[in-house]
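User: Could you take a close look at a single helix for me, and explain each term as you go?

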Amino acid sequence: MILVAGATGRLGGLITRSLLARGEEVRALVRNLAESPGLTAAGASLTVGDLKDPPSLAEACADAEAVITTANSMARGGSDTVESVDRTGNLNLIDAAAAHGVKRFIFISALGAALESPSPFLRAKATAEQRLHESGMRVTILQPNLYFELLPVAAVGLPALAGRPVTLVGEGRRLHSSVSMADVAGYALAALDHDDAAGQTLVIGGPKPVSWRDVIAAFEDELGREIPVSFVPMGAVVPGLPPMLVDLLTALETYDTPLDMSQLSDRFGIQPTALQTFVHGFVASYRQEGQPAAR
Ligand SMILES: NC(=O)c1ccc[n+]([C@@H]2O[C@H](COP(=O)([O-])OP(=O)(O)OC[C@H]3O[C@@H](n4cnc5c(N)ncnc54)[C@H](OP(=O)(O)O)[C@@H]3O)[C@@H](O)[C@H]2O)c1
């Protein structure tokens, strides 16, 4: 049985459904039984727990052969903080898993995780990575680059679909190997199957580095119309985007993150999702459901 923490979230939900689809027994860590009917209907068993509550994690980890966690505080709030969830909560989960004889642990970290990072979130991820290396479990750490589902959707896709102009910071020429969540889910499952993935940290990006201008062009192609775009200097306001995403957009204008994924995708048999393919699926799903196709 595989325990998935974060199963009510976007990537965790994708991983849970993919595991169930290939016949795995999945236990999903949830905080509220009533809010997770989709997981039960898909065939997962549920266990109630919280990364901030170590006794609940002991119960969740009992009899689990493997743990996969995507849980994080970023889109939450209140008592779920970087300190309580991404740092201490992850350590709680790792310790509970190790204490209950879990053999395999797949941790979704993030590109740039480092103990000396200026970002508390990336420091917390690195602290969890360090604890995992000391845990004695067979560990695979995935360090994905930014997801297509986050900024390209929030900064370009949603305003464009709503007929609003797009505002970007800087010149929009920086190159980042953004990646689809489907690819990350694919690597998480492949890591379970590949013995040689144990003890490894896999840096994950999409098939090709893309700039903001590429993202806009992909949406223009898909929508069949020009998208009005304005570029504002660093530090300026970006209408409609929360400050956290504006900060991220601004930071991304100061460096590039091109990654060559050819070897890793061959090794794990992952067919990487191209930007245009993601945009096509996102727009189709948005039109069908009238909402973002993040899940
Ligand atoms: N977004 C990016 O571009 C990016 C890039 C690199 C890596 N990542 C990493 O990718 C992973 C997946 O992100 P996502 O977008 O799928 O996340 P998400 O949709 O925001 O889901 C967050 C999940 O974490 C759970 N969670 C939060 N606090 C918890 C707690 N105290 N106890 C138990 N569960 C808790 C949530 O449960 P509830 O529903 O109960 O709140 C939910 O299932 C994360 O680890 C993230 O750091 C993201």
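Analyst: Helix α4 covers residues 82-99, and because each residue should add 1.5 Å, its 18 residues should span 26 Å, which agrees with the 24 Å between its end C-alpha atoms. Here the expected span is 1.5 Å times one less than the number of residues, while helices (H or I, at least four residues) and strands (E, at least two) are DSSP runs numbered from the N terminus. This is a predicted model, in which local features need pLDDT of at least 70 and side-chain atom pairs count only at pLDDT 80 or more, whereas totals for chains, interfaces and linings use all residues. Residues are numbered from 1 along each chain as its sequence is written.

Helix α4 has a kink of about 35 degrees centred on Gly 89, where the bend is the angle between axes fitted to the seven residues ending at a residue and the seven starting there. Gly 89 is also among the buried residues of α4, which include Val 85, Leu 93 and Ile 94 as well as Asp 86 and Arg 87; a residue is buried if 20 or more other C-beta atoms, placed from the backbone, lie within 10 Å of its own. Among the elements that cover these buried residues are the strands β1 (2-5), β4 (66-69) and β5 (104-108), together with the helices α3 (54-61) and α5 (120-134), with contact taken as C-beta atoms, placed from the backbone, within 7 Å. Just after α4, Gly 101 takes a positive phi of about 75 degrees.

Notes:
A residue is buried if 20 or more other C-beta atoms lie within 10 Å of its own, exposed if 12 or fewer, and partly exposed in between; C-beta atoms are placed from the backbone. Two residues are in contact if their C-beta atoms, placed from the backbone, lie within 7 Å.
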